[in-house]
Amino acid sequence: MFGHKKKVRYAVVGGGQISQQAFMPGIGRTDNSELAALVTGDPVKADKLAKLYGIKAWTYEQYDVLLKSGEIDAVYVATPNFLHLQYAVPALEAGIHVLLEKPMASSVAEAEQIIGAQKKGGGKLMIAYRLHNEPGTVEMITRARDGEFGELCSFVSVFAQNVAEANSRGHNGYWGGPVPDMGTYPLNAVRNLFGQEPIAVHAIGTKTPGRGFNFHDTVAVTLRFPDERVAQFSVSYATASAEFFELVGTKASIHASPAFMFGPKIGITYVEKTSAGSKTHSFDPVEQFGNETQYFSNCILEDLQPEADGEEGLFDMRVLAAIERSLDTGETVTLEPASRSRHVEPDQALKLKPAKEPSEDEMISIIPQSA
């Protein structure tokens, strides 16, 4: 490919809302990645999205053929969580790189199987923690780790929305519900801000009367960390939208909102309060899905290990599993002490301009997430 920068060719596995709204438009902002294929079980999506993006559509039954076809280098897996294993493992074993939506799987054992497949096949694995490449988030994590807020003491967060019961998220049990889906955001934020792994977990869940969800639709979680640090977060599928986190240290507190969302108009923002007063740190909206794809493709092309790797995904998964145990038993669940070998680095922050998102009306065969 003389005269052209080599591009990593991606297949999108699962043509749901996140793929159509965010990943497929976002990849167009990169200079090292391109959309090459779509895997979907929906013939209408296959036809319309393949025409829209000028790519080939494959059925799930053809997945193994696609992996061997030589037409793709990587897959972006955005199926429901309980199907992640089924599509990540064969790709990794075939030496195909995998960008895997979070949470990584629907059990710790599955997450470990995915990591095992990556080691066996040699393809790279990155969990799609898009905020690890977002400038405001990276700045907060870097400053927290550098001690700019003093000794870190506590973290509090809410992430909530009103989810339509017809959406697939409404009836797939705990691992399809709000804790893995939304709780992964505050959990991943606090683990990275503290630079530590929790050592104990307690959770309380409630079910909204009249809702047909087959799980606790509102859950409050308390985490204990080493060095006498505590964290609390609440998630819900049955309320008005809310998203923020607050980090409190001995020198400063920060309040971040928007903290977790994405979109052409959403810029991560935080207010820092000290004894000297209050300062707002605002960041322009960026193409969060393009950013993470650009970063992952660079790791593939330069043979670097992505920071948000299988270990990062697994460390969230073990806490999500402990929350499930606490909800089932009412007990506090202790976790083995652990520490990550990698951290978010300042140069991971990227600033690709946001792509235009299709509206809900423009997306094909989607049951909107919002009620």
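**Helices α8, α1, and the α4/α5 pair, plus Glu 243**

Let's start with helix α8. Helix α8 covers residues 288-302, which makes 15 residues. From first C-alpha to last, α8 reaches 21 Å, close to the 21 Å expected at 1.5 Å a residue. Keep in mind that this is a predicted model.

How many of the 15 residues of α8 are buried? Twelve are, so α8 is largely enclosed by the rest of the structure. Here is the list. Early on come Gln 288, Phe 289, Gly 290, Asn 291, Glu 292 and Thr 293. Then we have Gln 294, Tyr 295, Phe 296, Ser 297, Cys 299 and Ile 300.

What do those buried residues pack against? Five strands are on the list: β1 (8-13), β2 (33-39), β4 (74-77), β5 (97-100) and β6 (125-127). Helix α1 (17-26) is there too.

That takes us to α1. Nine of its ten residues are buried, so α1 is also largely enclosed by the rest of the structure. The buried set is Gln 17, Ser 19, Gln 20, Gln 21, Ala 22, Phe 23, Met 24, Pro 25 and Gly 26. These residues pack against strands β1, β2, β4 and β5. They also pack against helices α2 (43-53) and α8.

Next, a helix pair. Helix α4 is residues 84-93, and helix α5 is residues 108-121. Their axes come within 7 Å and cross at roughly 15 degrees. Angles under 35 degrees count as roughly parallel. The two helices are therefore roughly parallel to each other. The crossing of α4 and α5 is left-handed.

Which residues meet there? On the α4 side, Leu 85, Ala 88, Val 89, Leu 92 and Glu 93. On the α5 side, Glu 110, Gln 113, Ile 114, Ala 117, Gln 118, Lys 120 and Gly 121. By type, the contact divides into six nonpolar, three polar and three charged residues.

Last stop, a single residue. Glu 243 sits in strand β11, residues 238-249. Is Glu 243 buried or exposed? Its relative accessibility is 16%. The cut-off for buried is under 20%, so Glu 243 counts as buried.

Now its surroundings. Leaving out residues up to four places away in sequence, Glu 243 touches Val 158 and Phe 159. Glu 243 also touches Ala 256, Ser 257, Pro 258, Ala 259, Phe 260 and Met 261. One distance to note: Tyr 185 is 58 residues from Glu 243 in sequence. In space, the two are 10.0 Å apart, C-alpha to C-alpha.

Conventions. Residues are numbered from 1 along each chain as its sequence is written. This is a predicted model: local features need pLDDT of at least 70, side-chain atom pairs count only at pLDDT 80 or more; totals for chains, interfaces and linings use all residues. Side-chain values use heavy atoms; hydrogens and water are left out. Axes are lines fitted to C-alpha atoms, for helices over the stretch in contact, and angles run from 0 to 180 degrees between N-to-C directions. Helices (H or I, at least four residues) and strands (E, at least two) are DSSP runs, numbered from the N terminus. Angles under 35 degrees count as roughly parallel, over 145 as roughly antiparallel, 65 to 115 as roughly perpendicular and the rest as oblique. A crossing is left-handed if the near helix is turned anticlockwise from the far one by less than a right angle, and right-handed if clockwise. Contact means heavy atoms within 4.5 Å. Ala, Val, Leu, Ile, Met, Phe, Trp, Tyr, Cys and Pro count as nonpolar, Asp, Glu, Lys and Arg as charged, and the others, Gly among them, as polar. The expected span of a helix is 1.5 Å times one less than its number of residues. Buried means under 20% relative accessible area, exposed over 50%, partly exposed in between (1.4 Å probe, protein chains only).
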